[in-house]
Amino acid sequence: MNKNLNKKIALSIAVLLIFVYGIFRIPSGLSGKALLEAIQQNIHLGLDLRGGAHLILQVVVSEAVSAETDNAVGSIQQDLKTANLGFTQVYKPDPNKPAVIQVDGTSQAQSSTVRSTLDNKYSTEYDLTGGGADNTWTLTMKPTAVSALEEKTVQQAIETIRDRVDSLGVSEPVIQEYGLGKDQILVELPGISDLDQVKNIIKTTARLEIHAVIGGPYKDEQEAMASSGGGIPPDEMMVHGSGSLATGSDADAVYVLRRQYVVGGSDFRSADPGTDQNGRRNVRFTLTNEAGDKFYDYTSKNVNTSMAVVMGGRVKEVANIQSAIRDSGEIVGTFSEDEVTALSKLLRTGALPASLNEIETRTVGASLGADSIREGVRAAIVGVLVVMAFMLFYYRGSGINADLALFLNLVILLGFMGFSTATLTLPGIAGVILTIGMGVDSNVLIFERIREEVRSGKAPAAAVDQGFAHAWVTIVDTHVTTIVSAAILFLFGTGPVKGFATTLVFGLLANLFTAVFVSRVIFDWHLGRLKPGEPISI
Amino acid sequence: MELFRGVNVDWLKLKWYFLAFSMIFSVAGLIAMGVHWSHPVGGVRSPVPLGVDFRGGTEVEVRFDHTPDINAIRQAADAAGIKDVQVVNYDDPKFNQVLISLPEQHDESQLDTGRQQIVDALHAHYANTFADSGIKVDVVGPTVGHQLETKALLATLYSMLGMLVYLWFRFQLIYGVAAVVACFHDTLITVGAFALLNKEISLTVIAAILTLVGYSMNDTIVVFDRIRENLRLSRRESLHDVVNRSINQTLSRTVLTSGLTFLTVLSLYIFGGQVLNGFSFALVVGILIGTYSSIAVAAPMLVAWQDWRAEQGRAVVLPAARRPRA
């Protein structure tokens, strides 16, 4: 036997061992149970097999755009005032166009100064038009700025959701952008079958904001509007809340607040639930340095005015500013215990930049998943056994060869799955079964070719050589074509389709090795042991 | 043991029978699709019955502890005021499983209410118990469903295009075209079978259809490879004879491989359970049709193309000019 063949045998066995390691790693024991546990630890099962929840959330990105322009409205007013430029109002004319800001009533004489003031600061993100005879200016957020903001919003939402899911202690969650639309997020939570609690934590926008109070509490919206002369100016808003703290009653009340918040969103650095000296539930918060300065500035100028704590679109507390506050404080409000705990958790993980819509939810109970595994695995085993039996029957001695190659193919495929982070899904099991089909095909192609060569009178060694040489071309063509289609599936497919493509690609790669290389090694080994003139068993 | 030794069938003589066979099945499929198209389900027009993945809607699969009573479940839903509920038994009766479906919820912010209502109604009005681990829920909103539909179609087209380009590069354009036409033929007939039997097309079925495209392509390439090889060996033989000989030479491999793959897929169809039912059905049909098409559609097309070129009085180019690289 030649040295080269020994090397090839060694290589085949080494590959086998490496992938067996991939499947089991170092098991705690050699009993069936310990081995099964080891497999379960290394091969990640998809949600359809082990149970869990799958959500697709759509980020309402227009909200983030709207919040951004709200901020800009405030700072434009500030800038114009600082530059001593007169104007009647800065507002957003159309609620359906969150990216458009309008400035009305500047003076004709100051037109060029207004233009340069606005251009200076806003031209990178906004297109400025107007400034004609009607002294009206329109700032429209540039499409590139809008899409950059939208992208940032989605990323920020992903980060926030991840923090929140982590705080729930879900193991191995998947949180990522979903392939179908740029504003969609895929959330996969293994082992969770009751979604309600999880969804509440994930989806709450629960933005905590502190706004200046313009007026209130009023009995209802009519009264609130009447108090500001029949209509609410665009830079103010009406917010409902229970008036218990401010008015001592539980009745619903309406406040008029300044639209732009003093502090809010990402201004909070930390928050902890607690109770105050009177035993009321409260949340103690700390602000970031920058926000602390802003807050100090505001509170020192507005001593003895009111500010309102708004959460989830409702006024939770109205407090009188007694002295300047810098970066820490406490909120006592009409909170329930759950709200206090959730609020502090949410403040710590940061607020969602926009609200989320569910557009798809799927949950699989763990016991249903387990049955799917059992059925899929049983089908796969039956399929493999039938095929192996047939190969032995049809190709006799060479059938052993094909069966060994097939077995090794499965070991490599599972080993691949063990080494990588790919998940095995139900369609993935189907991909395994298809791999078996392709593996058999390669062997059949080679064996049929060898038979043809033997029939045409070649000696066994030459027949094997020619058989492999001819079949090789076909095997490359068929495998590359199928890999091309599986790769396209992987690129364009979603969830289950991807799982299928993954096992198929791994399986085909393994198959190129086993059917062509290993099978050849076994043949060569067998040929080396044949007596001269003895025919090959095929 | 050997099957098909020294087979010598003139396959190309049978081409009119093949054409008739393909036409009958394609047209039957097309008619079934037309019928579906003209009977929209829940306002959605589609040539084939769509699963919840594409159609959108709510599907709750519940495994009860005892044999479920469909009528009692319907009454429970009525009592809770849930409209348009469909209740059917699902999978093997021994599992006590029921599939409850609701039509598409158009308001995406209300998407999840259907599931909640069903679970609440079952708890409130139906005495049979079930565990949380025995529930499977699919809620698909209109946005996702339609995106998936478009995506699945695109994926199929792209994968065919990818293979066409590869074959063009490895063989010649006409080989690629013939192979893709054969794949298209297989897809049409398989999808037609779903329409005829009123089986739903889900995401996993799409995976199966893409698999059968790859599989049918695989079969076709084996025959094409042999044609290319034979053309190089015997340049004086007519293409007609070369193609016949190539099909005959590869016949035993074709039947064996298809037979074995068919067996594995059949075991999937029989033992794989309800979840894999649509998937394995598509493959069972697809493998039969795919094997047939590589012999009866793809290879005859090569000959037909050359005959047509000859009739046009143009130079007959045997499609084997390029040597394989490997």
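Two residues are in contact here if their C-beta atoms, placed from the backbone, lie within 7 Å. Everything below describes a predicted model, in which local features need pLDDT of at least 70, side-chain atom pairs count only at pLDDT 80 or more, and totals for chains, interfaces and linings use all residues. Residues are numbered from 1 along each chain as its sequence is written, while chains are lettered from A and ligands numbered from 1 in the order in which they are written.

**View 1. Helices α12 and α13 of chain A pack against each other.** Helices (H or I, at least four residues) and strands (E, at least two) are DSSP runs, numbered from the N terminus. From α12(A), residues A:Met388, A:Met391, A:Leu392, A:Tyr394 and A:Tyr395 meet a set in α13(A) that includes A:Ser398, A:Ile400 and A:Leu406. This contact has 8 nonpolar, 2 polar and 1 charged residues; Ala, Val, Leu, Ile, Met, Phe, Trp, Tyr, Cys and Pro count as nonpolar, Asp, Glu, Lys and Arg as charged, and the others, Gly among them, as polar. The axes of α12 (366-395) and α13 (397-419) are 7 Å apart, at an angle of about 155°. Axes are lines fitted to C-alpha atoms, for helices over the stretch in contact, and angles run from 0 to 180 degrees between N-to-C directions. The two helices are therefore roughly antiparallel, a label for angles over 145 degrees.

**View 2. An open sheet of 8 strands takes in both chains.** Follow the order β7(A)-β8(A)-β2(A)-β18(A)-β4(B)-β1(B)-β3(B)-β2(B), with antiparallel pairing; two strands pair if DSSP finds at least two bridges between them. At the edges are β7 (174-177) of chain A and β2 (86-89) of chain B, each pairing on one side only. Ignoring direction, neighbouring strands are turned by 20° against each other on average. Between β2(B) and β3 (97-102) of chain B there are 4 bridges, and B:Gln86 has B:Ser101 as its bridge partner.

**View 3. Strand β18 of chain A joins β4 of chain B.** The link between β18(A), residues 356-364, and β4(B) is made by 5 bridges, and the strands run antiparallel. Look for A:Thr363, which stands opposite B:Val137. Helix α12(A) lies across β18 of chain A together with β1 (57-64) and β4 of chain B, running at about 80° to β4(B).

**View 4. Chain B meets chain A through 60 of its residues.** On the other side, 61 residues of chain A are in contact with them. In chain B, the elements that give two or more residues are β4 (130-140), α5 (142-170), α7 (203-233) and α8 (239-271). The side of chain B that touches chain A divides into 31 nonpolar, 19 polar and 10 charged residues.

**View 5. A second view of sheet structure shows 4 strands of chain A.** This open sheet has the order β3-β4-β6-β5, with antiparallel pairing. Its edge strands are β3 (89-91) and β5 (126-130), and the twist averages 15° from one strand to the next. Strand β3(A) is joined to β4(A), residues 100-104, by 3 bridges; here A:Val90 has A:Val103 as its bridge partner. Helix α4 (61-82) of chain A lies across β3, β4 and β6 (137-141), running at about 20° to β4(A).

How values were computed
Angles under 35 degrees count as roughly parallel, over 145 as roughly antiparallel, 65 to 115 as roughly perpendicular and the rest as oblique.
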